[in-house]
Structures are given as C-alpha cells and as structure tokens.
Amino acid sequence: MNFYIQCSSIIVFLINTSCTLLQVKLQSKDANPFDTHYRVMVAFFAVLLVHAILLATQIKLRHAIFGKISLLAGALASILLLIILVPPVGWFSLVLWVICFVTVAHAWHQQLYDLLYEATPQIFNLLGTMMNRRVLEPQNQQSAV
C-alpha cells in the first residue's frame, strides 16, 4: 500500500477519534464547537478539504509533493481538533507543526517552484477552455430555441 495512504489512514483515525472525544466533551453543554471555537472549526474543515483533494491528486498523478503536502494538511487538521480538546497540548503541537512546516517548505521550495512553473500553462489552458465553453453554451442554447 502507498506510504501516503497509510499515513492518511492514521490521520483519519486521529480525526475520527478526536471528533468522538469532542462530542463527549461537549455533550453536557448547550454549545457546539462552532459556537465556542468558530475560527478553529472553519480552519479545520478547510484544511481537511485540502488534505482530501491533495491526497486524491497524489493518487491520480503520482507526484510525491502532493502526498507530502496532504500529510501536512491532515496533521494540521488533527492539531486543530486537539486545540479544542486540550488547548495547551494543541497549541504546543501547533508550534511544532509550524516549525516542521517552515523546515519542509524551505527544503521543497525548488520542487514547488518547478511544479508551479510546469503547471501554470496547463491551468491557464484549462481555465481558457472552461471560459470558452461557458461563452459558447448560451449561444448554442439560443440557436436551438
């Protein structure tokens, strides 16, 4: 099995366990996590979405950088839930994650630059194709009527 998928399954297990513990922690209170920790929850869902998209991209394109970034995003999602559950441990973990992220970003900056340099024309071509289809679709619909 792919290393990134194995690590991602561990991250999903941690997130699932943290969500269960969060339900237990807040079951006796009338508030939900969105009332008490709105920004953390919004960040959690955004980072979780990034994790899922990058993992799927890594599986499809077999580019290791997507898997590595996906693991960082998944770890951050776990840490964000830990901030709600046990704030001192969560904030300490976040500081460690930031240090790890800066170290990794410094090591990968050339790979990321090369990837963006290669992908930019393809992205613009894709966007151009999408825009042309949207421009042509209304004209085709009007001529059909």
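Visitor: What makes up the area that the chain exposes?

Guide: The chain exposes about 10300 Å², and carbon and sulfur atoms supply 69% of it. Accessible areas come from the Shrake-Rupley method with a 1.4 Å probe, and for residues only the protein chains shown count as cover. This is a predicted model: local features need pLDDT of at least 70, side-chain atom pairs count only at pLDDT 80 or more, and totals for chains, interfaces and linings use all residues. Residues are numbered from 1 along each chain as its sequence is written, and side-chain values use heavy atoms, with hydrogens and water left out.

Visitor: What makes the pattern of this chain α-α-α-α-α?

Guide: The chain has five helices and zero strands. Helices (H or I, at least four residues) and strands (E, at least two) are DSSP runs, numbered from the N terminus.

Visitor: How do you know that the span of helix α1 is close to the expected one?

Guide: The expected span is 1.5 Å times one less than the number of residues. Helix α1, residues 3–26, has 24 residues, and the expected value is 34 Å. From its first C-alpha to its last, α1 reaches 35 Å, which is close to that.

Visitor: Why is Ser 70 called buried?

Guide: Buried means under 20% relative accessible area, exposed means over 50%, and partly exposed lies in between (1.4 Å probe, protein chains only). Ser 70 has a relative accessible area of 0%, so Ser 70 is buried. Ser 70 sits in helix α4, residues 64–85. Leaving aside neighbours within four places in sequence, Ser 70 is in contact (heavy atoms within 4.5 Å) with His 51, Leu 54 and Leu 55.

Visitor: And why is Leu 112 called partly exposed?

Guide: Its relative accessible area is 26%, between the two cut-offs, so Leu 112 counts as partly exposed. Leu 112 belongs to helix α5 and touches Ile 65 and Ile 69, not counting residues up to four places away in sequence.

Visitor: Why is Leu 126 called exposed?

Guide: With a relative accessible area of 52%, Leu 126 passes the cut-off of over 50%, so the word is exposed. Leu 126 lies in helix α5, residues 87–144.

Visitor: What makes the nonpolar surface patch?

Guide: Ile 123, Phe 124, Leu 126, Leu 127 and Met 130 make this patch of about 490 Å². Patch residues have over 30% relative accessible area and no salt bridge; like charges are joined within 9 Å, and nonpolar side chains (Val, Leu, Ile, Met, Phe, Trp, Tyr) within 5 Å. A salt bridge is a side-chain nitrogen of Lys or Arg within 4 Å of a carboxyl oxygen of Asp or Glu.
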